Structure formats: C-alpha cells, structure tokens
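Colleague: Hi! Could you walk me through this fold in plain words?

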Amino acid sequence: MTRDPEMRCPKCGSEMNHQARKVVPPVSDADVAALSETFDGILEDVFACPECGWVDARRVEAPPSVR
C-alpha cells in the first residue's frame, strides 16, 4: 500500500488533503520531451485545504522507467 503524497497549503499552512492524481496534456516543450511512447501525458496530484478551501496541484515526478 502506498501513502498519499503530502502538501502544505501555501495560503494558511495547513496540511492539505490529497484529492486525485490526474493526467494532463503537455503544455511546454519540456513536457513534450518528457513523454514516452506508452504514456502521452503529465501526472499531477491535486490537493484541497480543509481549513481555507484553497485547491492546488503539483507535477508528479515520473520514475525513470516511465520516461
């Protein structure tokens, strides 16, 4: 079993809840360069703050075997 990633809210400092991991399309040349033949998107983790309601996302670092 893997543990959900952790993130602190940039607005209030509370620990945010991990909501989802989603695939988003590439938006830069660097994103396109990171794509592989078997995976044509970029992974992002989405978080929501239970205190202030802020929603944020961050890129997931792909393991070397996916690149």
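Modeller: Happy to; we can talk about the fold, the charged pairs and the cysteines in turn. The model is predicted, so local features need pLDDT of at least 70 and side-chain atom pairs count only at pLDDT 80 or more, while totals for chains, interfaces and linings use all residues. Residues are numbered from 1 along each chain as its sequence is written, and side-chain values use heavy atoms, with hydrogens and water left out.

Colleague: Thanks! How many helices and strands are in the chain?

Modeller: The chain has one helix and three strands. Helices (H or I, at least four residues) and strands (E, at least two) are DSSP runs, numbered from the N terminus. Going along the sequence, you meet them in the pattern β-α-β-β.

Colleague: And in what order do the strands sit in the sheet?

Modeller: The order is S1-S2-S3, in an open sheet with antiparallel pairing. Two strands count as paired if DSSP finds at least two bridges between them. Strand S1 (17-24) and strand S3 (55-59) are the edges, and each pairs on one side only. On average, neighbouring strands of this sheet are turned by 25 degrees against each other, direction ignored. For that angle, axes are lines fitted to C-alpha atoms, for helices over the stretch in contact, and angles run from 0 to 180 degrees between N-to-C directions.

Colleague: What holds paired strands together in general?

Modeller: Strands of a sheet pair through backbone hydrogen bonds, either parallel or antiparallel.

Colleague: Okay, zooming in: how many bridges join S2 to S3?

Modeller: Five bridges join strand S2 (residues 42-48) to S3, and the two run antiparallel. Among them, Asp-45 has Arg-58 as its bridge partner in S3, and Glu-44 has Arg-59. S2 and S3 make a hairpin with six residues between them, and in the turn Gly-53 has a positive phi of about 90 degrees.

Colleague: Those are charged residues! How many salt bridges are there?

Modeller: The count is three salt bridges, where a salt bridge is a side-chain nitrogen of Lys or Arg within 4 Å of a carboxyl oxygen of Asp or Glu. One of them joins the side chains of Asp-45 and Arg-21 (2.7 Å, N to O). Asp-45 lies in strand S2 and Arg-21 in strand S1, so this pair ties together parts that are 24 residues apart in sequence.

Colleague: Is Asp-45 buried or exposed?

Modeller: Asp-45 is buried, at a relative accessible area of 3%, whereas Arg-21 is partly exposed at 47%. Here buried means under 20% relative accessible area, exposed means over 50%, and partly exposed is in between (1.4 Å probe, protein chains only).

Colleague: Which residues are linked in a network of salt bridges?

Modeller: Asp-31, Glu-44 and Arg-59 are linked that way. Asp-31 meets Arg-59 in a salt bridge (2.9 Å, N to O). That pair links distant parts of the chain, with Asp-31 in helix H1 (residues 29-34) and Arg-59 in strand S3, 28 residues apart. Glu-44 also meets Arg-59 in a salt bridge, at 3.2 Å, N to O. Glu-44 lies in strand S2 and Arg-59 in strand S3, so that pair ties together parts 15 residues apart in sequence.

Colleague: How accessible are those three?

Modeller: Asp-31 is buried, with a relative accessible area of 9%, and Glu-44 is buried too, with 15%. Arg-59 is partly exposed, with 39%.

Colleague: New topic: how many disulfides does the structure hold?

Modeller: The structure holds zero disulfides, a disulfide being a pair of cysteine sulfur atoms within 2.5 Å.

Colleague: Why is there no bond between Cys-12 and Cys-49?

Modeller: The sulfur of Cys-12 is 3.5 Å from that of Cys-49, its closest cysteine sulfur, and that is too far for a bond. Cys-52 is in no disulfide either; its nearest cysteine sulfur, in Cys-9, is 3.6 Å away. Both are partly exposed, Cys-12 at 40% relative accessibility and Cys-52 at 41%.

Colleague: And which residues make up the largest nonpolar core?

Modeller: It has five residues: Met-7, Cys-9, Met-16, Phe-47 and Cys-49. A nonpolar core is a set of buried Ala, Val, Leu, Ile, Met, Phe, Trp, Tyr and Cys residues joined through side-chain atoms within 4.5 Å.

Colleague: How much of the whole chain is buried?

Modeller: Of its 67 residues, 22% count as buried.
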